[in-house]
Amino acid sequence: MSSTELPASASAIAAAAPPVRSVRVGDGERLRSVALPGLRLNVRFRPAEDPGRAPALYVHGLGGSSQNWSALMPLLDDLLDGEAVDLPGFGDSLPPDDGNYSVTGHARAVIRLLDSGDRGPVHLIGNSLGGAVATRVAAVRPDLVRTLTLVSPALPELRAQRNAWPTAMLAVPGVSRVFARMTREWTPEQHVQGVLSLCYGDPRRVTEDARRAAVEEMERRLELPYFWDAMARSARGIVDAYTLGGQHNLWRQAERVLAPTLLVYGGRDQLVSYRMAGKAAAAFRDARLLTLPEAGHVAMMEYPETVARAVRELVTEHEPAGRERPGGPAGS
């Protein structure tokens, strides 16, 4: 698919788009829209009265949204003033005006979001594509990142998992149109079942509430005129990032990351190989590794309590001395 086949301008797409259902808001969650030049980003957050919480930003993966963090965020409410962003073209964020869905393009959107506030460095947490984006942000703007947590980050593999091949194929020009035609008769439930089977180590762990929310979100996404375009261009961005050399290579950028890093890998991950855990732990200069043998690609959704404990340990060890925490001063 060439960049001229579908409108890249967010304003053009918004004008042409039919009315769609609003993005889902969970218990205790709120949404806000951040308008930046050429971008309109949706941000999910959980308001609280405590001013002493450390700022955090959560970044989802390919085909995901800020809802992917709705199981983890409440478990860290007392510690983190967390926000989850919908990357451009996903969730309730419009496509970028410049049509740039590369890893660098998504990283620039995250940087611009962080630069637009006055929160200081954040605890940056990313999954899959969001992990690659977060790695690039931490490498090029260390001033914005206090700690880094990567759940199954999409870092280059020489031998990609076989189940990841369809994602790579989606990056080939024209293939997204074929996918769209092939799945035109699928129900949202069938789409969701396919995603859950691919992303979860054990899809039976998905609660009925979570499954229902996923179906509602899929119904909404399939009505968006830019759904397949955003998927295809972002998939192409991942493939392109895997082939970059020199200082832009993601492994080279991982070596440049100064922030203390938590790496989370699932033993049943069908998209990012479990065998990459050791390479990642060696690449990041200040890394700790959490391996979950039964988890798939979205450990923060399958095992949120376990992931939350590891994030809590990382954050509490690396928060600036003197920051007020719930229950008293830091370290009390």
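The exercises below, each with a worked solution, concern a predicted model of a protein chain.

**Exercise 1. Overall make-up**

State how many helices and strands the protein chain has, what share of its residues is buried, and what share of its contacts is long in sequence.

Solution. Begin with the secondary structure: the chain holds twelve helices and ten strands. Next, burial: of the 332 residues, 52% are buried. Then take the contacts with a separation of 6 or more; 75% of them join residues 24 or more positions apart. Last, the surface: the chain exposes about 14,600 Å², and 54% of that comes from carbon and sulfur atoms.

**Exercise 2. Order of the sheet**

Give the strand order of the eight-stranded sheet and explain why β1 and β8 each have a side without a neighbour.

Solution. The order is β1-β2-β4-β3-β5-β6-β7-β8, in an open sheet with mixed pairing. Reading the ends of that order, β1 (30–36) and β8 (287–292) are the edge strands; each has a single partner strand, so one side of each lacks a neighbour in the sheet. From one strand to the next, the twist averages 20 degrees.

**Exercise 3. Parallel or antiparallel?**

For the pairs β1 and β2, β3 and β4, β3 and β5, and β5 and β6, find the sense of pairing and the number of bridges.

Solution. Strands of a sheet pair through backbone hydrogen bonds, in either the parallel or the antiparallel sense. Take the pairs in turn.

1. β1 and β2 are antiparallel, with seven bridges. Ala35 stands opposite Arg40 in β2. Two residues lie between the strands of this hairpin, and Gly38 has a positive phi near 80 degrees.
2. β3 and β4 (residues 80–85) are parallel, with six bridges. Leu57 has Glu83 in β4 as its bridge partner, and Pro55 has Asp81.
3. β3 (residues 54–59) and β5 run parallel and are joined by four bridges. Here Val59 is opposite Gly126 in β5.
4. β5 and β6 (residues 145–151) are parallel, with six bridges. Ile125 is matched by Thr149 in β6. Between these two strands the chain passes through helix α3 (residues 129–140), and the β-α-β crossover is right-handed.

**Exercise 4. Two covered strands**

Determine how many residues of β3 and of β5 are buried and which way their side chains point.

Solution. In a regular strand the side chains alternate between the two faces of the sheet.

For β3, six of the six residues are buried, so the rest of the structure largely encloses this strand. Ala54, Ala56 and Tyr58 point one way, while Pro55, Leu57 and Val59 point the other way, and all are buried.

For β5 (residues 122–127), six of the six residues are also buried. Val122, Leu124 and Gly126 point one way, with His123, Ile125 and Asn127 pointing the other way.

**Exercise 5. Helices on the sheet**

Identify the strands that helices α2 and α10 lie against, and give the helix directions.

Solution. Helix α2 (residues 103–115) lies across β1, β2 (39–45), β3, β4 and β5, at about 70 degrees to β2. Helix α10 (residues 276–283) packs on the sheet and touches β7 (261–266) and β8; the angle between its direction and that of β7 is about 175 degrees.

**Exercise 6. Aromatic pairs**

Count the aromatic pairs, classify the geometry of each, and state how buried the rings' residues are.

Solution. The criterion is a distance between ring centres within 6.5 Å; it yields two pairs.

- Tyr58 and Trp69 have ring centres 5.3 Å apart and planes at 45 degrees, a tilted pair. Tyr58 belongs to β3 and Trp69 to the loop between β3 and β4, so the pair links parts eleven residues apart in sequence. Tyr58 is buried, at 0% relative accessibility; Trp69 is also buried, at 0%.
- Phe227 and Trp228 have ring centres 5.1 Å apart and planes at 80 degrees, so this pair is edge-to-face. Burial is under 20% relative accessible area. With 13%, Phe227 is therefore buried, whereas Trp228, with 23%, is partly exposed.

Conventions: Residues numbered from 1 in each chain as written. Heavy atoms only, no water. Buried < 20%, exposed > 50% of the residue type's maximum accessible area, 1.4 Å probe, protein only. Pairing = 2+ DSSP bridges. Right-handed = clockwise from strand over helix to strand, strands pointing away. Axes fitted to C-alpha atoms, helices over the stretch in contact; angles between N-to-C directions. Contact = heavy atoms within 4.5 Å. Areas by Shrake-Rupley, 256 points an atom, 1.4 Å probe, with all protein chains shown as cover. Phe/Tyr/Trp six-rings, centres within 6.5 Å; stacked < 30°, edge-to-face > 60°.
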